[in-house]
Amino acid sequence: MQQTFKLRKFTPDDLQSVLQINRVCLPENYTDVFFIDLHQRFPETFIVAEEGGKIVGYVMCRIEVGLASLSLGGLIRKGHVVSIAVLPQGRRKGAAQALMNKAIEGMRYYKAKQCYLEVRVSNSAGVALYKKLGFEVSRTSNGYYSDNEDAYVMTKTL
Ligand code: ACO
Ligand code: ZN
C-alpha cells in the first residue's frame with residue numbers, strides 16, 4: 001500500500017499540534033514544558049507523522065539508565081517510549097509502526113540496548129502494535145494508571 005504520511009523530527013513549532021493529539025487520543029496528558037524538555041534532551045527520538053501538511057501522530061521518548069532486564073547484569077541505556085498517538089482519521093495506515101521504527105533508530109543512536117514502555121492492559125490496539133514490532137510483555141504493573149488500571153510493561157531488545 002502507498003504510504004500517505006511522511007515522518008520527520010519534532011520541532012518546537014509542532015508543540016500545539018502534538019499537545020492536541022495527545023489530549024484527543026490519551027488520558028495521560030502532560031504540560032508543554034514536559035514535551036519541550038524531552039525534545040531538548042532527546043531530539044532523535046521525538047518524531048511526528050505528517051499527512052497533507054498536518055501532523056497526525058507523534059512518538060516521544062526518553063533515554064534512561066537501568067538494570068538490564070535479561071540476566072546480562074550491569075547497567076544499560078534503555079529507550080522508554082513515553083507517549084505515542086495517531087489521530088483516529090490517520091489510523092491503520094502504518095503510521096504508528098513507522099513512528100516506532102524511527103524512534104528505535106534514534107534510541108540506537110543514543111546507544112540504548114533495550115526499549116520498553118507501559119500500555120494499558122485493555123489497549124488491544126497498542127498491545128497488538130507492540131507485539132507486531134517484537135515487544136514482549138515482561139511484567140504487569142498493578143494499578144499503574146491514575147484510574148487504577150494495570151499496565152503491561154513491554155520490552156524489546158535493540
Ligand atoms: N486493532 C488491532 N491491531 C491493531 C490496531 C487495532 N485497532 N491498531 C494497530 N494494530 C496493530 C496491527 O497489527 C497493525 O498492523 P496491520 O494494520 O497491518 O494489521 C499494527 O498494529 C500497526 O498499526 P499502525 O497502523 O501502525 O497503528 P496506528 O497508526 O493506527 O496507531 C495506535 C496505533 C498508536 C495504538 C493508535 O491506535 C492510537 O493512537 N491509539 C490511542 C492512543 C494510544 O493508545 N497510544 C498508545 C498508548 S501506550 C504508550 O503511549 C507507550
Ligand atoms: Zn512510561
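This report describes the surroundings of ligand 1 and the cysteines in a predicted model.

## The site of ligand 1

Ligand 1 occupies the largest pocket of the protein, where 23 residues surround it, the closest being Ile84, Arg92, Gly94, Gln97 and Asn123. By class, this shell consists of 13 nonpolar residues, together with five that are polar and five that are charged.

Four elements, namely strand E4 (75–86), helix H3 (95–109), strand E5 (114–120) and helix H4 (124–132), each contribute at least two residues to the shell around ligand 1. Helix H4 provides the largest share, with six residues.

## Polar contacts and burial

Oxygen atoms of ligand 1 take part in contacts with both side-chain and backbone atoms of the protein. On the side-chain part, an N or O atom of Lys132 lies 2.9 Å from a ligand oxygen, and an N or O atom of Arg91 lies 3.4 Å from a ligand oxygen. Lys93 instead approaches through its backbone, of which an N or O atom is 3.3 Å from an oxygen atom of ligand 1. Taken alone, ligand 1 would expose 970 Å², and the protein buries 79% of that area.

## Cysteines

A search of the whole structure for disulfides returns zero. For Cys25, the closest cysteine sulfur is that of Cys61, and because the two sulfurs are 16 Å apart, they are too far from one another for a bond. Cys115 is likewise in no disulfide, its nearest cysteine sulfur being that of Cys61 at 6.6 Å, whereas a disulfide requires the two sulfur atoms to be within 2.5 Å.

How values were computed:
Residues numbered from 1 in each chain as written. Chains lettered and ligands numbered in written order. Predicted model: local features only at pLDDT ≥ 70, side-chain atom pairs only at ≥ 80, totals over all residues. Heavy atoms only, no water. Near = heavy atom within 4 Å. Polar contact = N/O pair within 3.5 Å; in protein donor to acceptor, adjacent residues only side chain to side chain. Areas by Shrake-Rupley, 256 points an atom, 1.4 Å probe, with all protein chains shown as cover. 1 Å grid on protein atoms, 1.4 Å probe; cavity = no way out; pocket = protein on both sides within 12 Å on 5 of 7 lines; lining within 4 Å. Sits in = over half its atoms within 2 Å of the grid points. Nonpolar A, V, L, I, M, F, W, Y, C, P; charged D, E, K, R; others polar.
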